[in-house]
Amino acid sequence: MTDRTTDSEAARTTPAPFGARLKAATASRGRLCVGIDPHAALLRAWGLDDDVAGLERFALSATEALAPYCSVLKPQSAFFERFGSRGVAVLERVVATAREAGALVLMDAKRGDIGSTSQAYAEAYLDPSSPLASDAVTVSPYLGFGSLTPFVETARAHGAGLLVLALTSNPEGPEVQHATAPDGRSVAGVLLDHLRALNAGVDDDALGSFGAVVGATVDPTAEDLDVRGPLLAPGFGAQGGTVADLRRVFGPAARLVLPSSSREVLAAGPDPVALRDAVARTHDALAALG
Ligand SMILES: O=C(O)c1cc(=O)[nH]c(=O)n1[C@@H]1O[C@H](COP(=O)(O)O)[C@@H](O)[C@H]1O
């Protein structure tokens, strides 16, 4: 994005770091991230057509119903992109609506590319002057962790965060993530070490802004999951992950977990009260996590 602010203006307007804002949000609203994933099947279940009008109705109704009651909303960009520019325009409204209601927005775009292209992605999702500007974005480190440097620097400049794919919830992930790096560590272990380094300056009782994605459904791991930043745990709910699984997978790092659920919550709609009840039930279940 073009530089529309002076350095001193930027310093005045930069929000607190994402980790600090996430910690405050989960303390007041609970630590559930709800995914806004407008699947064709969910649109049909809500009595909507699988077209841009249906997408708009679904995504905005869900966001309006859920954003005041959730610490984090995670719109899945793919379901908007499949409708082209009109779908992306709906995504822009979802981001704005969620943030106005006080929810943090984690854009689920899973981007990652060579550094110079990563810079453009970082500006698209994290620069406040972008229409898609979010509080954090999911990123893929599989072009090498260093290729994410533009995301790290842009996040730091704007008080935003990153959630880096480490041990994903899908069954195909281990082929890459459990592979052994040249120095004998696992690939996932290398990524987790990089995240720990990025969060190194954070106080003991604070939360860093650079987190990992670790599925609620993965096998227990010998890796040290305590990166001193958030651990996004998708796979909770529709993919079968339970509170017991979160305890089993994360052990002492469970305090850092941000469980994420999309279809299980969204299936309760379109009634806004039913959507809120689904969130309340999940919050109650998560209370057992401590
Ligand atoms: O980054 C993610 O959010 C993600 C990572 C992962 O390992 N597994 C995973 O399911 N996700 C996303 O989390 C959401 C899961 O949706 P549900 O299975 O409906 O709760 C989808 O948007 C996935 O793209």
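In the predicted model, strand β2 (residues 72–75) runs parallel to strand β3 (residues 104–111), and 2 bridges join the two strands. Within this pairing, Val72 has Leu104 as its bridge partner in β3, and Leu73 is partnered by Val105. On the β1 side, 4 bridges connect β1 to β2, again in a parallel arrangement, with Ile36 standing opposite Pro75 of β2. Strands of a sheet pair through backbone hydrogen bonds, in either a parallel or an antiparallel manner.

Both faces of β2 are covered, with Val72 and Lys74 buried on one side and Leu73 and Pro75 buried on the other. This distribution may be read against the general rule that side chains in a regular strand alternate between the two faces of the sheet. Helix α4 (residues 52–66) lies across β1 (33–36) and β2, and runs at about 165° to β1.

These pairings form part of a barrel closed by 8 strands in the order β1-β2-β3-β4-β5-β6-β7-β8, with parallel pairing. Neighbouring strands of this sheet are turned against each other by 30° on average, direction ignored. The UniProt record, an unreviewed entry, lists residues 31–278 under "domain: Orotidine 5'-phosphate decarboxylase". Over residues 31–278, helix accounts for 40% of the chain and strand for 16%, and the end C-alpha atoms are 14 Å apart.

The largest nonpolar core comprises 78 residues, of which Leu73, Leu162, Val164, Ala166, Ala212, Val214 and Leu231 touch the most other members. Leu73 is thus both a buried residue of β2 and one of the core residues with the most contacts to other members. For Leu231, the residues touched, not counting those up to four places away in sequence, are Gly211, Ala212, Val214, Leu225, Phe250, Ala253, Leu256, Val257 and Leu258. In soluble globular proteins, nonpolar side chains tend to be buried together.

Helix α8 (residues 149–158) has Pro150, Phe151, Val152, Thr154, Ala155 and His158 as its buried residues. An α-helix has 3.6 residues a turn, so residues three or four places apart point the same way. The buried residues of α8 pack against two helices, α7 (115–126) and α10 (187–198), and two strands, β4 (136–139) and β5 (161–167). Just after α8, Gly159 adopts a positive phi of about 65°.

Lys110 is the position at which UniProt, in an unreviewed entry, places the feature "active site". Lys110 is found in strand β3, and its phi is near 45°, a positive value in a residue other than glycine. Lys110 counts as partly exposed because it has 17 C-beta neighbours inside 10 Å, whereas a buried residue requires 20 or more. Leaving aside neighbours within four places in sequence, Lys110 is in contact with Thr138, Val139, Ser140 and Leu165.

A positive phi, near 65°, also occurs at Arg228, a residue other than glycine. Arg228 lies in the loop between β6 (210–214) and β7 (231–233). Despite this loop position, Arg228 is classed as buried because 22 other C-beta atoms lie within 10 Å. A further backbone feature is the cis peptide bond joining Gly269 and Pro270, for which omega is about 10°. Pro270 is found in the loop between α12 (263–266) and α13 (272–286).

With respect to confidence, the protein averages a pLDDT of 95, and 96% of the residues score at least 70. Over residues 1–5, however, the pLDDT is below 50, and this stretch has 6 contacts in the model beyond near neighbours in sequence. The model scores ipTM 0.99 and pTM 0.96.

How values were computed. Residues numbered from 1 in each chain as written. Predicted model: local features only at pLDDT ≥ 70, side-chain atom pairs only at ≥ 80, totals over all residues. Buried ≥ 20, exposed ≤ 12 C-beta atoms within 10 Å, placed from the backbone. Contact = placed C-beta atoms within 7 Å. UniProt positions renumbered as here; feature names shortened; annotations may be inferred. Pairing = 2+ DSSP bridges. Axes fitted to C-alpha atoms, helices over the stretch in contact; angles between N-to-C directions. pLDDT = per-residue confidence, 0-100. Core = buried A, V, L, I, M, F, W, Y, C linked by C-beta atoms within 7 Å.
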